[in-house]
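Subject: Structure handover

Dear colleague,

Here is the structure I said I would pass on. Please look it over before reading the notes below it.

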Amino acid sequence: MNTEPKVYLKPNVVLEPLVDNWYAWSHLISPATASMNIAYRHLKIMDSYIQAPQIHAAAVRNPKMRGGPFMDLEGDRSEEVQALKNTTLETQKRILEFSEAIKELDKLLQSKAAGYSLEPLYQEIPEILKGYVELFYDLNNHPSYRLFEPLLYKSEFYRPESQSIALWITNNDERPFVLSTPRIPSEGVLHLPVKFDDPFIDAFSAMKRTAGSLSDIKSMISLTPEQEAVFDTFFTTEEPVPYVKYEGDKIRMRYFGHACILVEVNDVSILIDPLISYYGYQTSVDRFSDVDLPEVIDFVLITHNHQDHILFETLLPLRHKIRNIIVPKTYGGVLQDPNLKLMFEAIGFDNITEIGEMESINIDQCEISGLPFLGEHCDIDIRSKICHHVKIGDFKILFAADSCNIQNEVYQHVHKTVGDVNILFLGMECDGAPLTWLYGPLLSETLSRDKDSSRRLAGSNYERGMGLVDVFNPQEVYVYAMGQEPWLEFISSIKYTEESNPIIQSNKLINTCEERGMVAERLFGEKELLFEKSLALEV
Ligand SMILES: [Fe+2]
């Protein structure tokens, strides 16, 4: 008889997905964006660190430099960074050639496509790109190209072997800003060559709630005796706090931080932009966490392809309990707008549905609709962004995420179809980072500093937010997605004070809404909201 005790995974074990030892996000999975980020972000930061580690150390101590291209590493780790650079150059050789070919193709089009037929240029496409691109002009005769992304995923340019996971126990929310700092070997951190679609991730994560055998889970991976000693510390025989199923007859909404909200009604659960904190350690800010998630999540809704709205670190461990993921529809195969459905499928999710603007999906008494998401993408042609409108019975909730309401007429047109809403969730990160912060590695030409800082990843300010309020006439308004919770600083790099513009603007919006008799609040930490389903709007 097997007398091995059943164990649970501790709730404060971090599972950090990595690509080439860098924090994994969607642009490191989609093959073309991955090649550009490896070449023009990772290698660039590594070169800069190797040249002057002390400059990086000084920069990360300066709050004004937070989120900049500086490695947050203790001491001088240039030897390890040099080793990582060498490995990258060796293993990603073809990927780096691919990234150079993208730039060459751009140059070719800019220099030779002058409005005449593009057919002769197909012969001049860099060899490595031939068969993966189609050339075209826009109606102003500006040349461009599209990528056959499904073919790239089936080629040598999609490299799951560069994926891995780091596991360790955390006792606080502190972590360096992950887009600038690769993971360098450190004590207590177990780094395993596990690909993101590996069933180990599901079995391992399920043990947070369902006890299992340590030897069974270990049989799914290979560990050295030293690694095994660390791995064993991740488990406990102590039962976790049980999840209490919501049995009430109201619509329950719980704010988990940033743009993550769980909607529970009847037997349906909907989780928007999942970003879940770890628990099991002392904290100053209360939060909902894994313990508050239902056994099954029926729908995950993704609003847009930014690193703080698609977190593999949350999504991969939840994969075993997610029934469906609804993502904004992607069009076109352009470099800057990779296909989200393909990306999710490549990392082991097989239940992805795309939703387009003004399209709806019906489930039971719920209807999920996609509404236009304006701006916040630096005026780059990116379409994979959507505001989710969730209708439960007659109750309507609009998750506007980071939509920057540049032109209120768009939502006036939308309102003619969807009408007023009961609840508006609105992001107001209205300063935003400049274009190059996120999209710099994809650019063919350098953008001047003044142009760069005029094109920002900025959400709605007071006027634009009030535009949405005026159009949709909600009873309650919640400002969210402000990147302020301490457990997501590692990905948002945001730290506001009372003098910060997004705080001033959102305070003003809250005051105006309150003066008009609405309930209004900027969410922080955790919040539970309960609503009557029968609270229909006056028509
Ligand atoms: Fe965003």
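The notes below go through the metal site, a sheet with one of its helices, two single residues and the cysteines. Please keep in mind that this is a predicted model.

Metal site

The iron ion has protein donors from His304 (NE2), His306 (ND1), Glu376 (OE), Glu376 (OE) and Asp402 (OD), at 2.2 to 2.5 Å. Along the sequence, the spacing of these donor residues reads H-x1-H-x69-E-x25-D. Distant parts of the chain are linked here: histidine 306 sits in the loop between β13 (297-301) and α9 (312-318), while aspartate 402, 96 residues away, belongs to the loop between β19 and α11. Histidine 306 is buried, its relative accessible area being 3%. Aspartate 402 is buried too, at 5%.

The sheet

Seven strands form an open sheet with mixed pairing, in the order β16-β17-β18-β19-β20-β21-β22. Its edges are β16 (360-363) and β22 (519-522); each has a single partner strand, so one side of each has no neighbour in the sheet. On average, and with direction ignored, neighbouring strands of this sheet are turned by 15° against each other. Within the sheet, β20 (residues 423-427) and β21 (residues 476-480) run parallel and are joined by five bridges. Leucine 426 has valine 479 of β21 opposite.

The helix across the sheet

Helix α14 (residues 462-472) lies across β19 (395-399), β20 and β21, and its direction is at about 165° to that of β20. How many of the eleven residues of α14 are buried? Eight are, so the helix is largely enclosed by the rest of the structure. The buried ones are Tyr462, Gly465, Met466, Gly467, Leu468, Val469, Val471 and Phe472. They pack against the strands β19, β20 and β21, and also against the helices α11 (408-418) and α16 (501-515).

Both ends of α14 deserve a note. At the N-terminal end, asparagine 461 acts as a cap, with a side-chain oxygen 3.3 Å from the backbone nitrogen of glutamate 463. After the helix comes asparagine 473, which has a positive phi, near 50°.

Two single residues

Serine 180 is in the loop between β6 (163-169) and β7 (190-192). Its relative accessibility is 3%, so serine 180 counts as buried. A polar atom of the serine 180 side chain is 2.6 Å from the backbone oxygen of glycine 68. Leaving out residues up to four places away in sequence, serine 180 touches Trp22, Ile45, Gly67, Gly68, Pro69, Phe70 and Met71.

Threonine 33 is part of helix α1 (residues 31-51). With 1% relative accessibility, threonine 33 also counts as buried. Apart from neighbours within four places in sequence, threonine 33 is in contact with His27, Leu335, Pro338 and Leu442.

Cysteines

The disulfide count is zero, taking a disulfide as two cysteine sulfur atoms within 2.5 Å. For cysteine 378, the nearest cysteine sulfur is that of cysteine 404, 11 Å away. Cysteine 378 is buried at 2% relative accessibility. Why does cysteine 513 not form a bond with cysteine 430? The sulfur of cysteine 430 is the closest cysteine sulfur to that of cysteine 513, but at 15 Å the two are too far apart for a bond. Cysteine 513 is buried as well, with a relative accessible area of 0%.

Regards

How values were computed. Residues are numbered from 1 along each chain as its sequence is written. This is a predicted model: local features need pLDDT of at least 70, side-chain atom pairs count only at pLDDT 80 or more; totals for chains, interfaces and linings use all residues. Side-chain values use heavy atoms; hydrogens and water are left out. Helices (H or I, at least four residues) and strands (E, at least two) are DSSP runs, numbered from the N terminus. Buried means under 20% relative accessible area, exposed over 50%, partly exposed in between (1.4 Å probe, protein chains only). A polar contact is a pair of N or O atoms within 3.5 Å; within protein, one must be able to donate a hydrogen and the other to accept it, and residues adjacent in sequence count only if both atoms are side-chain atoms. Contact means heavy atoms within 4.5 Å. Two strands pair if DSSP finds at least two bridges between them. Axes are lines fitted to C-alpha atoms, for helices over the stretch in contact, and angles run from 0 to 180 degrees between N-to-C directions. Donors are N, O and S atoms within 2.8 Å of the metal (3.2 Å for Na, K and Ca); water is not among the atoms, so sites may look incomplete.
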